[in-house]
Amino acid sequence: MDDIAGRIIENVSVCKGYYRCRIRLSKAMGKVDAGQFVMVRVPSSDVFLRRPFSILDYGSRVVTILYKVVGKGTDALARASRDDRVMVLGPLGNGFHLERKSRPVLVAGGIGVAGIYLLWQRLKGRADVFFGCSTRKEVVLLGDINRANPHISTLDGSRGFKGTVVELLASHLSHGKEDVAIYACGPQAMFASLKERLREKGLPCQVLVEERMACGMGLCFGCVTKTTDDREPYKRVCMEGPVFDLWQLSL
């Protein structure tokens with residue numbers, strides 16, 4: 001982990017409300033695991049705290065993030081221009097660990113694709129991908145994954161399966177216990193639905209939890225999530241996460 005000066009080399013709209021930002025760093029980050037994140041100091045005097053972003057991609061001293069404009073910080077970042085200076089703290093947190101003997105299944109809801117893309121890339125296409133969004137216009141968020149014929153659901157039925165991505169996943173899982181391991185990123189409601197749908201099968205499932213963060217280093221305890229650990233139920237997403245075992249989360 002290091003705090004590294006960076007320069008924006010691309011900050012473009014992918015579809016309405018979503019942007020991709022590429023930042024060239026002044027020096028290389030350490031080893032990056034799929035599922036880790038960075039804390040970015042947004043180039044705006046009106047934004048004091050850094051914002052956390054999943055590492056979409058990383059290589060040759062360029063870190064790429066994909067983000068949705070949801071508040072003051074991301075709105076300011078969306079207005080940043082090429083060559084604007086930023087500070088990038090990372091890589092942070094604990095990423096996914098692969099279940100080597102199980103077939104990987106990646107599940108993403110909306111902007112959650114930012115959390116699973118690097119894992120898909122490093123698996124070199126050896127994974128089934130299930131992606132859910134509101135409308136077909138958001139399917140572009142998948143980027144290169146679109147070439148791998150992912151399973152797609154839209155809430156309005158404009159592309160693929162009409163319904164949620166968890167419903168789509170459930171329809172593909174057989175009645176028997178499949179030898180698969182699931183890796184997911186999305187909203188908490190998606191995780192709760194996954195837990196309910198997978199409870200009977202008890203399939204291994206890791207989820208990347210997204211929370212508001214102030215420091216990203218475990219100092220402020222502002223990003224805790226409740227788990228089933230009786231001795232220490234509240235875990236810091238930035239330190240013990242952001243990837244957790246689904247079955248250890250209290251949902």
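Lys31 counts as exposed, at 66% relative accessibility. The model is a predicted one. In it, the side chain of Lys31 meets that of Asp33 in a salt bridge, 2.3 Å from N to O. Asp33 is partly exposed, with a relative accessible area of 29%. The cut-offs account for the two labels: exposed means over 50%, buried means under 20%, and partly exposed lies in between.

The structure holds 11 salt bridges. Another of them joins Arg50 to Asp3, with the closest N and O atoms 2.8 Å apart. This pair links distant parts of the chain. Arg50 sits in the loop between β3 (37-41) and β4 (51-54), while Asp3 belongs to strand β1 (residues 2-15). The two residues are 47 apart. Their surroundings can be read from their accessible areas. Arg50 is buried, at a relative accessible area of 12%. Asp3 is partly exposed, at 33%.

Strand β1 also takes part in a salt bridge between Glu10 and Arg20. Here the closest N and O atoms are 3.1 Å apart. Glu10 lies in strand β1 and Arg20 in strand β2, so the pair ties together parts that are 10 residues apart in sequence. Both partners can be placed by accessibility. Glu10 counts as partly exposed at 21%. Arg20 counts as partly exposed at 28%.

Strand β2 spans residues 18-25 and includes Arg24. Arg24 counts as partly exposed, at 33% relative accessibility. Together with Arg22, Arg61 and Arg82, Arg24 forms a patch of positive charge on the surface. Patch members must have over 30% relative accessible area and no salt bridge.

Next comes Ile65, in strand β6 (residues 62-68). Is Ile65 buried or exposed? Ile65 is buried, with a relative accessible area of 1%. Cys21 is 44 residues from Ile65 in sequence, yet the C-alpha atoms are 5.4 Å apart in space. Leaving aside neighbours within four places in sequence, Ile65 is in contact with Tyr19, Arg20 and Cys21. Its other contacts of this kind are Val38, Phe53, Ser54, Leu56 and Leu77. Arg20 is thus a contact of Ile65 and also the salt-bridge partner of Glu10.

Now turn to helix α2 (residues 113-122). Eight of its 10 residues are buried, so the helix is largely enclosed by the rest of the structure. The buried residues are Val113, Ala114, Gly115, Ile116, Tyr117, Leu118, Leu119 and Trp120. Just after α2, Lys124 takes a positive phi of about 55°.

The loop between β13 (205-208) and β14 (224-226) holds Glu211. Glu211 is partly exposed, with a relative accessible area of 33%. Cys223 is 12 residues away in sequence and 5.8 Å away in space, C-alpha to C-alpha. Cys223 is also in contact with Glu211, as are Pro52, Val224 and Val237, leaving aside neighbours within four places in sequence.

Met217 is placed in the loop between β13 and β14 too. At 33% relative accessibility, Met217 counts as partly exposed. With Met1 and Leu219, Met217 makes a nonpolar surface patch of about 340 Å².

Definitions and conventions: Residues are numbered from 1 along each chain as its sequence is written. This is a predicted model: local features need pLDDT of at least 70, side-chain atom pairs count only at pLDDT 80 or more; totals for chains, interfaces and linings use all residues. Side-chain values use heavy atoms; hydrogens and water are left out. Patches are made of residues with over 30% relative accessible area and no salt bridge: like charges are joined within 9 Å, nonpolar side chains (Val, Leu, Ile, Met, Phe, Trp, Tyr) within 5 Å. Accessible areas come from the Shrake-Rupley method with a 1.4 Å probe; for residues, only the protein chains shown count as cover. A salt bridge is a side-chain nitrogen of Lys or Arg within 4 Å of a carboxyl oxygen of Asp or Glu. Lys and Arg count as positive and Asp and Glu as negative; His and the chain ends are not counted. The place of a charge is taken as NZ of Lys, CZ of Arg, CG of Asp or CD of Glu. Helices (H or I, at least four residues) and strands (E, at least two) are DSSP runs, numbered from the N terminus. Buried means under 20% relative accessible area, exposed over 50%, partly exposed in between (1.4 Å probe, protein chains only). Contact means heavy atoms within 4.5 Å.
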